[in-house]
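I opened this notebook to keep a plain record of what I looked up in the structure. The entries follow the order in which I checked things.

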Amino acid sequence: MKFHTTDKVHLFMPKAALTTVFDECDEFDRDETGGRVIGTFEEQRGKLAVRVTGIIEAGPQARRSAVSFFQDGAYQEQVFRRIEDHHPEIEHLGNWHTHHVNGLQHLSDGDIETYSRTVNHPNHNAPFFYALLVTAKHRSSDPLGRYTLKHYIFRRGDERIYELRRHQVAVVDAPLIWPATTKPNHDAPDSRPQSHGLRANPNRVYDKDILSEFYRGVRPFSSAKLGMYWRGPLELLDGSHVEVVLLEDSAAANPTYTVTLREPPAALKSLAEEIANVEFPSARAALITAERSCNRALYRQYGETRRLDFSA
Ligand SMILES: [Zn+2]
């Protein structure tokens with residue numbers, strides 16, 4: 001058999017991490033999906049303890065089908081670097097993805113090949129790679145009983161693949177550091193300082209949800225000079241596109257956002273100048289307002305054009 005057992009590995013999995021994974025599975029019940037697993041680990045006298053502390057989402061450019069799944073690695077790395085700023089102890093532990101949509105009960109040959117390569121790659125810090133696989137969906141009223149999971153460990157320089165047994169996985173009450181929206185556990189009040197950059201602005205999470213869902217081309221970036229910003233093409237009602245930049249000003253207690261239309265067409269020029277001076281409470285508010293204003297301006301312009309055509 002392809003998979004081996006080991007008694008040298010213990011995994012600590014927060015309930016909140018399972019909830020994050022299962023919520024994502026509920027959303028993609030026909031296509032494979034997944035994400036990155038982050039956390040910490042200790043190795044003592046040959047025993048490895050792996051603690052999951054976060055799940056990074058697949059990202060806005062992830063590609064999914066019933067038999068394949070490609071994550072948005074650039075986006076995930078950006079998220080990872082941001083988390084790392086505040087949690088330098090954080091490691092990329094591995095990946096999770098789903099097979100319940102195609103019935104495959106184990107890692108595929110392709111998965112194995114990829115993870116074996118990853119664990120032996122010099123850029124992979126941890127001496128192991130953890131793979132969480134979702135293999136079956138259940139009708140369960142227990143939110144943590146919605147799916148069946150398998151847990152695998154690949155070790156650097158070791159050709160065997162280890163499948164963890166049930167008693168090696170402890171499901172624990174612990175808060176996640178990512179996604180940042182995870183509600184703190186009532187038994188364990190969140191004691192982290194509120195100045196924490198990732199936590200301080202829940203707006204970013206809502207922005208990300210709305211923008212990645214409805215404005216696929218507009219993506220988050222961060223730079224030393226500009227800080228956090230969003231940029232991408234905004235599609236307008238006539239099928240044209242205008243490039244937008246949503247810039248976060250996080251100096252104040254409540255960050256504000258401004259929107260810039262880059263090289264706007266003549267019909268949108270005066271609107272672009274006006275809207276650049278408005279401060280919005282969130283990136284989504286800035287973008288939605290910009291979209292409506294642009295569409296209104298275009299609509300008016302076409303109305304006038306039509307009347308002109310009519311009279312000719
Ligand atoms: Zn797979």
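**Burial terms and Thr40.** I call a residue buried when its relative accessible area is under 20%, exposed when it is over 50%, and partly exposed in between, using a 1.4 Å probe and protein chains only. I looked first at Thr40, which is buried because its relative accessible area is 18%. I place Thr40 in strand β3 (residues 34-44), where helices (H or I, at least four residues) and strands (E, at least two) are DSSP runs numbered from the N terminus. Counting as a contact any heavy atoms within 4.5 Å, I found that Thr40 touches Ala49, Val50, Arg51, Glu89 and Leu93 once residues up to four places away in sequence are left out. For Thr40 and Leu93, which stand 53 residues apart along the chain, I noted a C-alpha separation of 7.5 Å.

**Source and confidence.** I am reading a predicted model, in which local features need pLDDT of at least 70 and side-chain atom pairs count only at pLDDT 80 or more, while totals for chains, interfaces and linings use all residues. Residues are numbered from 1 along each chain as its sequence is written, and side-chain values use heavy atoms, with hydrogens and water left out. The pLDDT is the predictor's confidence in each residue, from 0 to 100; for the protein chain I noted a mean of 86, with 89% of residues reaching 70 or more. Among the elements, strand β10 (residues 161-163) has the highest mean pLDDT (98) and helix α4 (residues 197-200) the lowest (44). Over residues 182-199 the pLDDT is below 50, and this stretch has 23 contacts in the model beyond near neighbours in sequence. Over residues 306-312 the pLDDT is also below 50, but that stretch has zero contacts beyond near neighbours in sequence.

**Whole chain.** I counted seven helices and 15 strands in the protein chain. Of its 312 residues, 43% are buried. Among contacts with a separation of 6 or more, 61% come from residues 24 or more positions apart. The chain exposes about 17100 Å², and carbon and sulfur atoms supply 50% of that area, as computed by the Shrake-Rupley method with a 1.4 Å probe, where for residues only the protein chains shown count as cover.

**Salt bridges.** Which pairs did I look up among the 16 salt bridges that the structure holds? I required a side-chain nitrogen of Lys or Arg within 4 Å of a carboxyl oxygen of Asp or Glu.

- Arg64 and Glu24 meet through their side chains at 3.2 Å, N to O. This pair links distant parts of the chain, with Arg64 in strand β5 (residues 63-64) and Glu24 in helix α1 (residues 15-27), 40 residues apart. Arg64 is partly exposed at 25% relative accessibility, whereas Glu24 is buried at 15%.
- Lys208 forms a salt bridge with Glu57, the closest N and O atoms being 3.7 Å apart. Here helix α5 (residues 203-214) holds Lys208 and strand β4 (residues 47-57) holds Glu57, the two being 151 residues apart. Glu57 is buried, at 17% relative accessibility.
- Arg81 pairs with Glu84, with 2.9 Å between the closest N and O atoms. Both lie in helix α2 (residues 73-86) and are three residues apart, so about one helical turn separates them. Arg81 is partly exposed at 40%, and Glu84 is partly exposed at 27%.
- Asp23, Asp26 and Arg146 are joined into one network by salt bridges that share partners.

**Cysteines.** How many disulfides does the rule give? With a disulfide taken as a pair of cysteine sulfur atoms within 2.5 Å, the count comes to zero. I noted that Cys25 is buried at 0% relative accessibility, and that Cys294 is buried with a relative accessible area of 0%.

**Backbone.** The peptide bond from Trp178 to Pro179 is cis, with omega near 0 degrees, and Pro179 is found in the loop between β11 (169-172) and α4. Arg45 is not a glycine, yet it has a positive phi of about 45 degrees; Arg45 lies in the loop between β3 and β4 and is exposed at 81%. Glu263, also not a glycine, has a positive phi of about 45 degrees; Glu263 sits in the loop between β15 (256-262) and α6 (269-275) and is exposed at 79%.
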